[in-house]
Amino acid sequence: MTVAADIRPLRIGTIELASPVVLAPMAGVTNVAFRTLCRELEVARAGTVSGLYVCEMVTARALVERHPVTMHMTSFGPAESPRSLQLYTVDPATTYRAAKMIVDENLADHIDMNFGCPVPKVTRRGGGAALPYKRRLFGQIVGAAVAATEGTDIPVTVKFRIGIDDDHHTHLDAGRIAAQEGAAAVALHARTAAQRYSGTADWEQIAALKQHVTDIPVLGNGDIFEATDALAMMAETGCDGVVIGRGCLGRPWLFAELSAAFAGREIPTPPTLGEVATIIRRHGDLLAAHFGEDKGMRDMRKHIAWYLHGFPAGANLRSSLALVKTLADLDELLGQLDPEVPFPPAATGPRGRQGSAASVSLPDGWLADPDDVAVPAGADVMHSGG
């Protein structure tokens, strides 16, 4: 299948991407193993690495305090460039220290900032998707990261949601403020925090943000499951690039398809079940190298469920794979799959958590004063992304 499209490079500060495609940071997913696999498959199936692959989110406070788990999360592959790291932060001072640490210790080439997490334990303390409601504090945090990177080639970008709920939209203000504070680009997950990951992304809000923020790139995120979805989003909204989240769970070859689509080349044929099994095995190797075999296989289990989504595999085999403990076990179980099965139409669409919409947990009095600059108490110890 060929998709007609002009090559549209994306420039984020000093970073130029051949394809306007960014891997969304996803907690527990986009570690160095997953990013390496995505990059390898893009090279194998499309001949190049053309997009930006973002590390899973790390907490600014934990980074500054050199928490061992956090430092391990900032691992990058030897050939990984540009190295992109996302910070979760609620405090201008800690933000500055974390960004300065990234600069001084050459930890990354790009800093993204997370203001999109809808998880209740985060929003109830004023972090994540709740924080852009506090416009002045939001601006101070973005400005602190930009100040820490001044004079370097490290761009700062900002990701956020439409707002807290349908009565409290914040994305237009957030985009304007981020641009004023020196952000190199903004990305909008076109859902409110109340939606979490449910329902349909409102692409019209991406278009509205693009019309509102004209001096830096605006990227869109939400409901991109196929390469054609990405082209449709850009055509419908005028956004400058796309951010890919749940659509690549169990489909790390999606970036090769996107690369081909944006270059107007034939989109590679989706893999057979045998080819998927080979990809699963490679993913297992990479996770074992990153975490050790025991933890790597425990982490692999959720990925296997995503990989086999829509494929005929049998309940007993799926149950055994969901308990896999060693690479040898993985080999034996993958060998029971029929390698000739083609990629099924039922394997398309959303994966991972969806849940349902719910009211957003917020600190008492949070909505009373959007210009309050008090730092949310305790929010900087959170470790969830979104």
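This is a short tour of the structure above, one selection at a time.

**Before you start**

This is a predicted model: local features need pLDDT of at least 70, side-chain atom pairs count only at pLDDT 80 or more, and totals for chains, interfaces and linings use all residues. Residues are numbered from 1 along each chain as its sequence is written, and side-chain values use heavy atoms, with hydrogens and water left out.

**Stop 1: the sheet**

Show the strands. Helices (H or I, at least four residues) and strands (E, at least two) are DSSP runs, numbered from the N terminus. Here 9 strands form an open sheet, and the pairing is parallel. Read across it in the order 4-3-13-12-11-8-7-6-5. Two strands pair if DSSP finds at least two bridges between them. Strands of a sheet pair through backbone hydrogen bonds, either parallel or antiparallel.

Which are the edge strands? They are strand 4 (52-53) and strand 5 (58-59), and each pairs on one side only. Now select residues 21-23, which make up strand 3. Strand 3 runs parallel to strand 4, and 2 bridges join them. Look for L23: it stands opposite Y53 in strand 4.

**Stop 2: strands 8, 11 and 12**

Select strand 11 (185-189). Strand 8 pairs with strand 11 in the parallel sense over 5 bridges. T157 has A185 of strand 11 as its bridge partner. Strand 11 also pairs with strand 12, again parallel, over 4 bridges. There, A187 has L219 as its bridge partner.

Are the residues of strand 11 buried or exposed? Buried means under 20% relative accessible area, exposed over 50%, and partly exposed in between (1.4 Å probe, protein chains only). In strand 11, 5 of its 5 residues are buried. A185, A187 and H189 are on one side, with V186 and L188 on the other. In a regular strand the side chains alternate between the two faces of the sheet. Strand 12 is covered on both faces too: V218 and G220 are buried on one side, L219 and N221 on the other.

Add helix 8 (residues 203-212). Helix 8 lies across strand 8 (156-161), strand 11 and strand 12 (218-221). Its angle to strand 12 is about 170 degrees. Axes are lines fitted to C-alpha atoms, for helices over the stretch in contact (heavy atoms within 4.5 Å). Angles run from 0 to 180 degrees between N-to-C directions.

**Stop 3: the cavities**

Rolling a probe the size of a water molecule over the atoms shows where empty space is left. On a 1 Å grid over the protein atoms alone, a cavity is a set of points where a 1.4 Å probe fits but cannot get out; lining residues have an atom within 4 Å of a point. Grid points are joined across faces, edges and corners, and a volume is the space filled by probe spheres set on the points.

How many cavities of 30 Å³ or more does the structure hold? It holds 2. The largest has about 130 Å³ of space. Select V22, D112, T157, A187 and L219, which lie nearest its centre among 17 lining residues. Strand 3, strand 7, strand 8 and strand 11 each give two or more residues to this lining. By class, the lining has 13 nonpolar, 2 polar and 2 charged residues. Ala, Val, Leu, Ile, Met, Phe, Trp, Tyr, Cys and Pro count as nonpolar, Asp, Glu, Lys and Arg as charged, and the others, Gly among them, as polar.

The second largest cavity has about 30 Å³ of space. Its lining includes P118, P120, R196 and S361.

**Stop 4: two lining residues**

Zoom in on P118, in the loop between strand 7 (110-115) and helix 5 (120-123). P118 is buried, with a relative accessible area of 4%. I164 is 46 residues away along the chain, yet the C-alpha atoms of P118 and I164 are separated by 8.5 Å.

Next, pick R196, in the loop between strand 11 and helix 8. R196 has a positive phi of about 55 degrees although it is not a glycine. R196 is partly exposed, at 25%.

**Stop 5: more loops**

Go to R66, in the loop between helix 2 (60-64) and helix 3. Phi of R66 is also positive, near 55 degrees. R66 is partly exposed, at 41% relative accessibility.

Move to P82, in the loop between helix 3 (68-73) and strand 6 (84-88). A cis peptide bond joins S81 and P82, with omega about -5 degrees.

Finish at A108, in the loop between helix 4 (92-104) and strand 7. A108 is buried, at 1%. Beyond its neighbours within four places in sequence, A108 is in contact with R83, L85, I102 and I154.

Note on methods: On a 1 Å grid over the protein atoms alone, a cavity is a set of points where a 1.4 Å probe fits but cannot get out, and a pocket is an open set with protein on both sides within 12 Å along at least five of seven lines; lining residues have an atom within 4 Å of a point.
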